[in-house]
Amino acid sequence: MVNKKRLFRTTAVALIAATTALGGITAPASADAPSTEIISPPADDGGASTSSWGFPGEGANWQPVTYAGGPITSRSTPGEARDNRGNILHAWRGADNDSIWISLNNGPAYSLPNAQTWTPPRVIWTDDGGRGNFRIFHTGTEGHVYQHRVQLSASYQLPGTLPNWTRIPSDTRTTDTEPVAAAALPGNSFMLAWNSQSNDDIWTMYYNGETGTYSSPSVVPGAQSKDAPGLAAQVDTNNDPAPWNQVVLAFTGTDNYVYMSRQRYGTGNWTNPFRVYATGTPGYTRNGPSVALSRNGYGVITITEDRDNTIGSYIISRDGGWSGYYEENSFALSPGKTPLAVIAGTDLYYVINGSGGGKSGVLWKKVYDFAVMPTPSAPQW
């Protein structure tokens with residue numbers, strides 16, 4: 001049974017701008033050297049002051065994630081991504097093996113050739129101006145990072161022969177039990193982020209889809225974690241109402257609290273990491289977070305709370321602020337497995353490997369629609 005927790009109510013959710021909550025953020029001069037300005041973690045009364053059960057209208061209608069054979073079973077949280085036509089690709093680690101399985105539009109499951117992992121796979125879709133590419137990333141059992149690039153056929157079906165893996169260059173590797181984070185970028189490009197195999201640094205690497213080349217890996221200044229980071233990007237390519245035009249990195253610090261760093265798209269410069277939290281809540285986790293961004297300027301950093309495995313999300317905004325913390329309202333649990341936050345357009349979904357609403361296993365539910373939120377302030381740097 002889940003212990004009953006204190007409930008914090010508020011009459012309004014007020015967005016806290018970065019310049020107010022953080023005393024200003026200065027981007028470092030480069031991605032390889034930290035800024036000379038040091039921003040200390042905020043005091044206990046400096047966080048977002050709102051916390052409550054569930055997003056407005058959030059229900060308890062958890063449903064199993066399925067493929068043609070029935071509910072997906074896995075030993076980790078699955079990954080998923082949608083293309084620009086609404087096709088959805090799921091990828092997951094086997095329930096009784098270390099293979100990676102994929103399914104398109106809840107159809108039959110197929111294993112990726114020669115892929116073995118102890119971690120959750122990550123899935124993104126990158127736009128190449130045509131059918132685009134689903135890209136599945138995983139950490140091999142020896143710690144190296146790999147990619148499978150899956151392009152749908154002309155009739156938008158899985159190819160008859162699934163591609164083998166390619167190893168990410170520059171000896172990119174992490175702990176064999178930690179996944180890699182990935183974010184899709186314009187022009188068939190993407191960015192990866194991972195925790196160092198030898199210390200607590202977080203590294204990133206950019207892939208240029210137009211030239212087919214990778215940048216050199218670089219450390220995110222000041223970002224220290226023992227867990228896998230979360231990574232998301234949203235860049236205005238479709239006349240979005242409130243585009244971020246940035247990449248957001250979220251991670252669990254070595255103190256087990258949640259931190260965020262941002263990069264204005266195209267600059268290569270990360271802001272100093274700053275703590276994201278809500279007054280009156282524990283706000284700590286021993287698992288890496290998930291981060292997802294909507295097209296109208298809002299997003300979430302989602303965690304599994306350390307105290308009781310309850311799911312919680314911080315609302316974040318494109319200006320660097322955050323406003324409110326919402327605990328999942330149906331006592332859904334995801335013990336030791338990071339929930340996956342997914343945003344399609346402006347709709348927020350949770351995907352978990354746990355239990356909720358009287359069901360267990362790999363589950364999903366719609367949580368909120370950010371379209372009802374007011375237009376947020378422009379990005380602040």
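Biologist: Before we dig in, what counts as a strand here, and which strands flank Thr 174?

Modeller: A strand is a DSSP run of at least two residues, labelled E and numbered from the N terminus. Keep in mind that this is a predicted model. With that in hand, Thr 174 sits in a loop, and the strands on either side of that loop are E12 (166-167) and E13 (181-185).

Biologist: Is Thr 174 buried or exposed?

Modeller: The cut-off for buried is under 20% relative accessible area. Thr 174 comes in at 0% relative accessibility, so Thr 174 is buried.

Biologist: Which residue offers a backbone oxygen to the side chain of Thr 174?

Modeller: Start with who is around. Leaving out neighbours within four places in sequence, Thr 174 is in contact with Thr 139, Gly 143, Trp 194, Asn 195 and Gln 197. The side chain of Thr 174 reaches one backbone oxygen at 2.6 Å, and that oxygen belongs to Asn 195.

Biologist: Why is E13 described as largely enclosed by the rest of the structure?

Modeller: E13 pairs with strand E14 (residues 189-195) in the antiparallel sense, over 5 bridges. As for enclosure, the strand has 5 residues, and the reason is how many of them are buried: 4 of the 5.

Biologist: In the hairpin of E13 and E14, which residue takes a positive phi?

Modeller: One bridge in this pair links Ala 184 to Phe 190 in E14. The hairpin has 3 residues between the strands, and the one with a positive phi, near 70 degrees, is Gly 187.

Biologist: Let's move to the cores. How many residues does the largest nonpolar core have?

Modeller: Residues with the most contacts inside this core include Phe 55, Trp 62, Val 300 and Phe 370. Strands E23 (298-304), E24 (311-317), E26 (340-344), E27 (347-356) and E28 (359-369) each give two or more residues to the core. Phe 370 itself, leaving aside neighbours within four places in sequence, is in contact with Phe 55, Val 300, Ile 315 and Leu 348, among others. The residue count for this largest core is 19.

Biologist: How many residues are in the other core, the one with Ala 232?

Modeller: That core lies apart from the largest one. Among its members are Ala 232, Val 248, Ala 250 and Leu 293, and its count is 18 residues.

Biologist: Val 248 has a bridge partner in E20; which residue is that?

Modeller: There is an open antiparallel sheet in the order E18-E19-E20-E21, with E18 (230-234) and E21 (274-275) as its edge strands. Inside that order, E19 (residues 246-252) and E20 (residues 258-264) pair over 7 bridges in the antiparallel sense. The bridge partner of Val 248 in E20 is Arg 262.

Biologist: And in the sheet E5-E6-E7-E8, by how many degrees are neighbouring strands turned on average?

Modeller: This is an open sheet of 4 strands with antiparallel pairing, and its edges are E5 (79-82) and E8 (109-116). E7 (residues 99-104) pairs with E8 over 4 bridges, one of them joining Ser 103 to Ala 109. Direction ignored, the average turn between neighbouring strands is 20 degrees.

Biologist: Zooming out, what share of the protein's residues is buried?

Modeller: The protein has 1 helix and 28 strands. Its accessible surface is about 14900 Å², with 47% belonging to carbon and sulfur atoms. Out of 381 residues, the buried share is 56%.

How values were computed
Residues numbered from 1 in each chain as written. Predicted model: local features only at pLDDT ≥ 70, side-chain atom pairs only at ≥ 80, totals over all residues. Heavy atoms only, no water. Buried < 20%, exposed > 50% of the residue type's maximum accessible area, 1.4 Å probe, protein only. Polar contact = N/O pair within 3.5 Å; in protein donor to acceptor, adjacent residues only side chain to side chain. Contact = heavy atoms within 4.5 Å. Core = buried A, V, L, I, M, F, W, Y, C linked by side-chain atoms within 4.5 Å. Pairing = 2+ DSSP bridges. Areas by Shrake-Rupley, 256 points an atom, 1.4 Å probe, with all protein chains shown as cover. Axes fitted to C-alpha atoms, helices over the stretch in contact; angles between N-to-C directions.
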